[in-house]
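Here are my notes for you, as promised. Keep the picture open while you read, and take the points in order.

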Amino acid sequence: MSRIVISPDNCKGCELCVSACPQQILGMGKQINSKGYFYAEVVEPMRCIGCRLCCITCPDVAIEMEVHGTMYHYFAY
Ligand code: SF4
Ligand code: SF4
């Protein structure tokens with residue numbers, strides 16, 4: 001089982017992850033982060049298929065994925 005973790009303060013509200021998700025389970029929240037942006041949230045986590053498209057798409061590396069207890073942080077060079 002995979003779990004998506006979005007870091008609110010790293011999000012700039014571009015909505016690219018929302019468009020990328022084939023399951024359409026990401027959405028923009030109603031809270032504002034420390035930079036003044038509405039940030040992305042996982043709306044229906046149980047329907048996530050673990051495809052990682054959201055992690056790969058995010059230009060600000062704000063999305064991590066936990067798989068069987070291991071956290072994968074993509075492109076954080
Ligand atoms: S891993 Fe895939 S299905 Fe899950 S939230 Fe990201 S884009 Fe959507
Ligand atoms: S792609 Fe990244 S920066 Fe853009 S809304 Fe999603 S989490 Fe935020």
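1. A quick word on vocabulary before we start: Ala, Val, Leu, Ile, Met, Phe, Trp, Tyr, Cys and Pro count as nonpolar, Asp, Glu, Lys and Arg as charged, and the others, Gly among them, as polar. With that sorting, the shell around ligand 1 comes out as 11 nonpolar, 2 polar and 1 charged residues. Bear in mind that this is a predicted model.

2. Let's stay with ligand 1. Which residues are the closest to it? They are Cys21, Cys48, Cys51, Leu53 and Cys54, out of 14 residues that surround this ligand. Since Cys is on the nonpolar list, the cysteines you see there are counted in that class.

3. Now for ligand 2. It has 15 residues around it, and Cys11, Cys14, Cys17, Ala40 and Cys58 come nearest. Sorted by class, the shell around ligand 2 holds 10 nonpolar, 2 polar and 3 charged residues. Try tracing where the shell comes from: helix α1 (16–20) and strand β3 (38–42) each give at least two residues to the shell around ligand 2.

4. Next, step back to the whole chain. How many helices and strands does the chain have? You should find 2 helices and 5 strands. Walking along the sequence, you meet them in the pattern β-α-β-β-α-β-β. The radius of gyration is 12 Å, close to the 11 Å that the globule rule gives for 77 residues, so the chain is as compact as a globular protein of that length.

5. Some more numbers on the overall fold. The C-alpha trace spans about 35 × 30 × 20 Å along its principal axes. Buried residues account for 17% of the 77 residues in the chain. Take the contacts with a separation of 6 or more: 57% of these join residues 24 or more positions apart.

6. Have a look at the sheet, too. It is an open sheet of 3 strands, ordered β1-β4-β5, and the pairing is antiparallel. Which strands sit at the edges? Those are β1 (2–6) and β5 (70–73), each of which pairs on one side only. From one strand to the next, the twist averages 25 degrees.

7. Last, zoom in on one pair of strands. Strand β4 (residues 63–67) pairs with β5 in the antiparallel sense, over 4 bridges. If you want one spot to check by eye, find Val67: it stands opposite Thr70 in β5.

Methods:
Residues are numbered from 1 along each chain as its sequence is written. Chains are lettered from A and ligands numbered from 1 in the order in which they are written. This is a predicted model: local features need pLDDT of at least 70, side-chain atom pairs count only at pLDDT 80 or more; totals for chains, interfaces and linings use all residues. A residue is near a molecule or strand if its C-beta atom, placed from the backbone, lies within 6 Å of it. The radius of gyration is taken over C-alpha atoms; the globule rule is 2.2 Å times the number of residues to the power 0.38. A residue is buried if 20 or more other C-beta atoms lie within 10 Å of its own, exposed if 12 or fewer, and partly exposed in between; C-beta atoms are placed from the backbone. Two residues are in contact if their C-beta atoms, placed from the backbone, lie within 7 Å. Two strands pair if DSSP finds at least two bridges between them. Axes are lines fitted to C-alpha atoms, for helices over the stretch in contact, and angles run from 0 to 180 degrees between N-to-C directions.
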